[in-house]
Amino acid sequence: MTRLRGGADGDLPNLRGGALPRAEELASGAMLLRGFAESESAALVAAVAQVAASAPFRHMVTPGGYQMSVAMTNCGAAGWITDRRGYRYSAIDPAIDRPWPVMPPAFRNLARRAAAAAGFDGFAPESCLVNRYVAGTQLSLHQDRNERDYAAPIVSVSLGLPAVFLFGGLKRSDRPRRVPLASGDIVVWGGPARLAFHGVAPLAAGDHPLTGGCRINLTLRQAL
Ligand code: SIN
Ligand code: FE2
């Protein structure tokens, strides 16, 4: 078992009565940090509401013309966007023609600690994509490859309703692992796993004390 800064020590009980390790390697370069953000989760959700008050959640359109079922917004110096012209980072929120809200320092700080716990020191994200899933929402397998360089990892924070994260390999055809994620869990992938295909299975309906009927995911990236 790995001891982690950032949360209580020790294994976490699960619903089947067994104990799940707090840190689990999903692949070389990819770590699941269970409960890492648990103690901060209410503050994170409150900060997301602040972000969304200036940059509302919206359903973006893919270059192929499909509207995404995941609702998205961003904070930080750059935000990930998609429209008919392609996927990219933009300093401006195209919905309101203004810069994205400043990234709450708590996001950057948490991401830096989580990356370090997974073996990636010096992580300094300038971009945070905020995804909102409701029952039935899914995110198909993809690679995060719009960032300028792939030396830095991706840090992904789960809040609210549980989800099944699909974590595949470097080829789209590699069969993904199904990884249950609970509120407060963080997945970090970088190094040899930086371009791993990943996605989210259709969200099951539920009601979570923090977020009601949805799941919020923060994806922190060094994009520029
Ligand atoms: C993403 O791949 O951008 C988000 C993954 C997630 O919601 O867990
Ligand atoms: Fe992604």
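**Exercise 1.** How many residues does helix α2 have, and what does it reach from its first C-alpha to its last?

*Solution.* The model is predicted: local features need pLDDT of at least 70 and side-chain atom pairs count only at pLDDT 80 or more, while totals for chains, interfaces and linings use all residues. Residues are numbered from 1 along each chain as its sequence is written, and chains are lettered from A and ligands numbered from 1 in the order in which they are written.

Step 1. Helices (H or I, at least four residues) and strands (E, at least two) are DSSP runs, numbered from the N terminus. Helix α2 covers residues 105-117, which is 13 residues.

Step 2. The expected span is 1.5 Å times one less than the number of residues. For α2 the reach is 18 Å, close to the 18 Å expected.

**Exercise 2.** State which residues of α2 are buried and what they pack against.

*Solution.* Step 1. A residue is buried if 20 or more other C-beta atoms, placed from the backbone, lie within 10 Å of its own. In α2 these are Phe 107, Leu 110, Ala 111, Arg 113, Ala 114, Ala 115 and Ala 117.

Step 2. Contact requires C-beta atoms within 7 Å. The elements that the buried residues of α2 pack against include α1 (41-54) and β10 (127-134).

**Exercise 3.** Which strands lie at the edges of the open sheet β11-β16-β13-β14?

*Solution.* Step 1. Strands pair if DSSP finds at least two bridges between them. The pairing in this four-strand sheet is antiparallel.

Step 2. β11 (139-142) and β14 (177-181) each pair on one side only, and are the edge strands.

Technical notes. A residue is buried if 20 or more other C-beta atoms lie within 10 Å of its own, exposed if 12 or fewer, and partly exposed in between; C-beta atoms are placed from the backbone. Two residues are in contact if their C-beta atoms, placed from the backbone, lie within 7 Å.
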